[in-house]
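Q: I'd like to learn how to read a few features off a protein–DNA model. Can we go through them one at a time?

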There are 2 protein chains.
Amino acid sequence: MTITLKDIAKISGVSAATVSRVLSDDPRISGATREKVLARIRESGYRVNDIARSLKTRRTNTIGFIAPLLAEEFFMTVAQGVEDELRAQGFHMLIASSKEDPRIECECIELMTRRWVDGLILIPCAGDGSRLARLAKSRVPLVLVDRLLKGFRADAVVVDNAQGTRRAVARLMERGITRVGFIGASRKISTARDRYRGYVQAHRDHGIALDPAIVKFGDFHQESGYGLMRELAAMKRPAGGVFIANHYMYLGAAQYLLESGNIYRHDYAIINFDEMSATPVIRLAKLTVSQPSREIGAGAARMILGRVRGERTGPPETLTLGTGLVAHDDAYSLNSMINKPGA
Amino acid sequence: MTITLKDIAKISGVSAATVSRVLSDDPRISGATREKVLARIRESGYRVNDIARSLKTRRTNTIGFIAPLLAEEFFMTVAQGVEDELRAQGFHMLIASSKEDPRIECECIELMTRRWVDGLILIPCAGDGSRLARLAKSRVPLVLVDRLLKGFRADAVVVDNAQGTRRAVARLMERGITRVGFIGASRKISTARDRYRGYVQAHRDHGIALDPAIVKFGDFHQESGYGLMRELAAMKRPAGGVFIANHYMYLGAAQYLLESGNIYRHDYAIINFDEMSATPVIRLAKLTVSQPSREIGAGAARMILGRVRGERTGPPETLTLGTGLVAHDDAYSLNSMINKPGA
DNA sequence: ATTTATTATGCAATCGATTGCATAACCGGC
DNA sequence: GCCGGTTATGCAATCGATTGCATAATAAAT
């Protein structure tokens, strides 16, 4: 038999209303009563039933977080940022993954709203915003993170993917590497699209013609990076550099270069997007575009809480964070190392 | 104005009880009524209020999951396994991270039980089980994952860390490498303890004296692996091999070996624990002990659901999964590669 | 001493479902 | 036409809180 607020009322000799007010620090309660009730609460080990409370207040102090996958470092670093910020403000996080499948995503949203999350933070999968129309009309605030959706305005936190890419590719060009390959993902995803856009812009900026033969699109995963790097390496006229659009494609590409031994024959100037725990160990890239992943999460959390608390009510806002650019002058250049002692 | 079950009752010309029974597929409801009510539900876009339902049924269909950190691949692969299994069975996942701090962990547990999670899956942080005594006495089922706690029996899913380590170290010894260093973590954590135990056993099995000078304890993180590898490398009499107790320490150790250039001077036979997405790219290890992380998660989910549904009631059970052992005969051996063309 | 203002507390409705028990409706059997 | 037996549905209590409104108690004012 769990102890309820009513029990506390009884043993304290007051009404349930009074106990409830003590719990919510209502200033109308006298100091004496407050102390007495608090003492009984402490003795009895009473704990509020948040479910009952939520039913009445229509707030759950819970924010839903949906990412394409759980086991990806970028998404989970964002999640950590969200969680830290939420916890600091007394909120919980209900989490789910969509597997990059819009149908599963919809299902997750449906289930979360049924559980009355106060707000939803979503890293959406590919596609447009039409599937979110219903959600948008509901009372549940939404913040899009990392990726935007065509034809859908909502609060959002993103980084400037085009600018980050453009700057990195430009840097390579300024060092005289003009033939830069591209390993990206489906342009149905805004980040993939924007990174491609930045790549194109860099070419335009430098008046360099873009060779479509060395532009490859995959799906942001390791196998894809592996396969595309192989295609690139198989070209008769190899690229001098390669831009690789995310961490996992970089892992795959690196794996190919190492396994095939290609790395001992050709020295690609690699740019990779995302700085993760393994990045300093792989060291094949000359340039790394980094994202403030935790800050993205923290920003999204602050944004959603602003809506939830009604502190912010106007039209959707977008928070755009900048990317970093790290040069690895100590990057491997295995072939030169190997050749140095030898030749 | 949200539509409630009562509204559906009214427009269908039946009582709320009947609608509720339709919703739960009660066989006593006649086909005609069922169809009529379902039609009204569909037209109106009615959706049950899970909060109200939970208040009455005392079940939330939600399982809490607490891990030391969110942004670690192992934990999140487990989480993905948990989530997939839970979703397949109609359950949600409330997630939180303890930051390896028992106080935060307790707080998370407290908050989750206040939200009436039906069960709790916990990857605990260091320390003993006393802090969980209260939880254990409550009605909330608990499954410990990955790590066990001294003096605390509960359902659990773990891998055989000692055995996995022992076999790997033994393999190295059989290849003639008898001086094997150890880079591990605090023995307050059961996995760290067990991996050390396996390392010791391998020595005993082979009648090899263990040199405490090359046994180092850190904290499972990258910086720690980096620092300990440096210590090991600084020894006058270097080890022939090194066992590194988890992925992040391996990353750190690898980073040190690469940055310091040590890798070009000495060829450590490395064993690393955990096979992660970056593992095939790093390729410094000769042997990798792998864990079935998703299966751990899925197993934990099944275990907790068994308790939640009351299908399983007896004393605590432990599910112990085996580890894999992968040999990388193509592992880097950079120094030999460099020397081959040269010398 | 009576009225007015102020402060502290209680009453009772409410949030939106579920469910044990009662009952109405219908069936065939005699 | 009455009765026991199903079958389908409704009544009303309940889960554990919150909160607007009423009121009791006390203090202040006249």
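Q: Let's begin with the rings: how many aromatic pairs does the structure hold over all chains?

A: First, the ground rules. This is a predicted model, so to speak of a local feature we need pLDDT of at least 70, and side-chain atom pairs count only at pLDDT 80 or more, while totals for chains, interfaces and linings use all residues. Residues are numbered from 1 along each chain as its sequence is written, chains are lettered from A and ligands numbered from 1 in the order in which they are written, and side-chain values use heavy atoms, with hydrogens and water left out. Now the rings: a pair of aromatic rings is described by the distance of the centres and the angle of the planes. Rings of Phe, Tyr and Trp (its six-membered ring) pair if their centres lie within 6.5 Å; planes under 30 degrees apart count as stacked, over 60 as edge-to-face and the rest as tilted. Over all chains, the structure holds 18 such pairs.

Q: What kind of pair do F182(B) and Y196(B) form?

A: An edge-to-face one, with 5.3 Å centre to centre and 70° between the planes. F182(B) lies in strand β6 (residues 180-185) of chain B and Y196(B) in helix α9 (residues 190-205) of chain B, so the pair ties together parts 14 residues apart in sequence. Helices (H or I, at least four residues) and strands (E, at least two) are DSSP runs, numbered from the N terminus.

Q: And what kind of pair do F182(B) and Y199(B) form?

A: That pair is tilted: 4.7 Å centre to centre, 45° between the planes. Y199(B) is in helix α9 of chain B and F182(B) in strand β6 of chain B, so here the linked parts are 17 residues apart in sequence.

Q: Are F182(B) and Y199(B) buried or exposed?

A: Buried means under 20% relative accessible area, exposed over 50%, partly exposed in between (1.4 Å probe, protein chains only). F182(B) and Y199(B) are both buried, and Y196(B) is buried too.

Q: Which residues do ring pairs link into a cluster in chain A?

A: The cluster is made of F182(A), Y196(A), Y199(A), F217(A), F243(A) and F273(A).

Q: Where does R187(B) lie relative to the ring of F217(B)?

A: Here's the test: a charge sits over a ring if NZ of Lys or CZ of Arg is within 6 Å of the ring centre and within 35 degrees of the ring normal. R187(B) lies over the face of F217(B), at 3.9 Å from the ring centre. R187(B) also lies over the face of Y196(B), at 5.1 Å from the ring centre.

Q: On to the DNA. How many residues surround DNA strand D?

A: A residue is near a strand if one of its heavy atoms lies within 4 Å of it. There are 27 around DNA strand D, with L5(A), S20(A), T18(B), T33(B) and R58(B) the closest. Of the strand D atoms within 4 Å of the protein, sugar and phosphate account for 63%. α4(A) gives the most to this surface, with five residues.

Q: What lies 2.3 Å from a phosphate oxygen of DNA strand D?

A: A polar side-chain atom of T33(B). A polar contact is a pair of N or O atoms within 3.5 Å; within protein, one must be able to donate a hydrogen and the other to accept it, and residues adjacent in sequence count only if both atoms are side-chain atoms. A polar backbone atom of S15(B) is 2.7 Å from a phosphate oxygen of strand D, and one of A52(A) is 3.4 Å from a base nitrogen.

Q: Which element gives the most to the surface near DNA strand C?

A: α4(B), with five residues. In strand C, a base oxygen is 2.7 Å from a side-chain N or O atom of R21(B), and a base nitrogen is 3.4 Å from a polar backbone atom of A52(B). A phosphate oxygen of strand C has a polar side-chain atom of T18(A) at 2.5 Å.

Q: Which residues of helix α1 of chain A are buried?

A: An α-helix has 3.6 residues a turn, so residues three or four places apart point the same way. In α1 (residues 5-12) of chain A, I8(A), A9(A) and S12(A) are buried. Down the axis of α1(A), the buried residues fall within an arc of 105° (taken from the directions from the helix axis to the C-beta atoms), so they line one face of the helix. K6(A) and K10(A), on the other side of α1(A), are exposed.

Q: Last one: what is phi of D25(A) near?

A: Most residues other than glycine have a negative phi. D25(A), not a glycine, has a positive phi near 55°. D25(A) lies in the loop between α2 and α3 (31-44) of chain A, and counts as exposed at 58% relative accessibility.
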